[in-house]
Amino acid sequence: MQIAVELAGVTCKFIYHVLDTVGSCWHWKLDPYKLSDIRECDLLVNLTAKDSNKEDFSRENCLVFTQSTGFFQHQIFFHQDNKTIWKYVRNRSEKLYLNYKINPEWNQISLLDDNTQSAGFLAFEYIGQIIPGVLLKHNILTFHGVLMEYHGQGIIISAKSGTGKTTHARLWRDFNQALIINGDRSTVCIKNGVWMGFGLPWSGTSGEQINRSVPVKALVVLERNEQNEAHCITGLEAFGAVFPHLQYPIWDKKMAIQAISNLEQFLSVIPIIRLSCRPDLEGVSVLKKVLEKL
């Protein structure tokens, strides 16, 4: 089965099994982004897992990046024909859970192995790890951060995991009628001369995602503190505060350079605010006063 969707202006086609339960557990996430017809696409995602033994990459692969996340590890390999092999494995046992192949142009993603026994759910969710590289090819930046809409304008709240960005955003939602477009990931690009933020169907553990776009007013870098204070930052301070929250293939030099170049354009237009706060309503009020002056 196939479904065509539009993600931040990028036309994507997803191919997946019909005879099992794959469509029933994640298809609803793509439904708000669905296009009425399947036309020529910018990205083809094939979630019909193949037998990777038919395409043996093991001898030609070069490991270029690893990252541990709890009990699991992301492993990135370059193949001699410039394909990228992306694996998700168990740390200790090195059991392979997911295995993808990405073509050199980053416009085709193929699932080679799915050993998760999740009926395709985790295979789809993991695409959220790969999608920032795809979007970057279209000059779209992806930040680890909440994208919310307040009075028709987008505000991005970025912070280290566990710092309190979700708590802060929900205070805006619950007491100031803000709309959370995505609770974990913010994508931005220039449309008709305006930096726009877009929703995505991947939102981490927040479960908050809406197919909606909004002009970006500011990006807020949140830090936990006993005192509530906020101020605008610029130059190297702004770059140093925002850059750690930018998601891109850091092992690929050309794409890293492109990400930095696009980020510099973003920083030249969008105000950056450093917010030090407690997880309370006063922190919201302090930030609101700075936003009102922009």
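**Exercise 1.** Work out how strand 1 and strand 2 pair, and where they sit in their sheet.

*Solution.* Start with the pair itself: strand 1 and strand 2 (residues 10-15) run antiparallel, joined over six bridges. Strands here are DSSP E runs of at least two residues, and helices H or I runs of at least four, numbered from the N terminus; two strands pair if DSSP finds at least two bridges between them. Pick one bridge: Val5 has Cys12 in strand 2 as its partner.

Now zoom out. The model is predicted, so local features need pLDDT of at least 70 and side-chain atom pairs 80 or more, while totals for chains, interfaces and linings use all residues. Residues count from 1 along each chain as its sequence is written, and side-chain values use heavy atoms, without hydrogens or water.

The open sheet has eight strands in the order 1-2-3-8-7-6-5-4, with mixed pairing. Its edges are strand 1 (2-7) and strand 4 (62-69), each pairing on one side only.

**Exercise 2.** Find the largest nonpolar core and the helix that gives it the largest share.

*Solution.* A nonpolar core joins buried (under 20% relative accessible area, 1.4 Å probe, protein chains only) Ala, Val, Leu, Ile, Met, Phe, Trp, Tyr and Cys residues through side-chain atoms within 4.5 Å. The largest one has 66 residues, with Phe14, Tyr100, Phe143 and Phe266 making the most contacts inside it. Helix 2 (residues 121-136) supplies the largest share, nine residues. A second, separate core has 23 residues, including Leu275 and Val284.

Finish with Tyr100: beyond four places in sequence, its contacts (heavy atoms within 4.5 Å) include Trp86, Leu122, Tyr126 and Ile130.

Technical notes: Buried means under 20% relative accessible area, exposed over 50%, partly exposed in between (1.4 Å probe, protein chains only).
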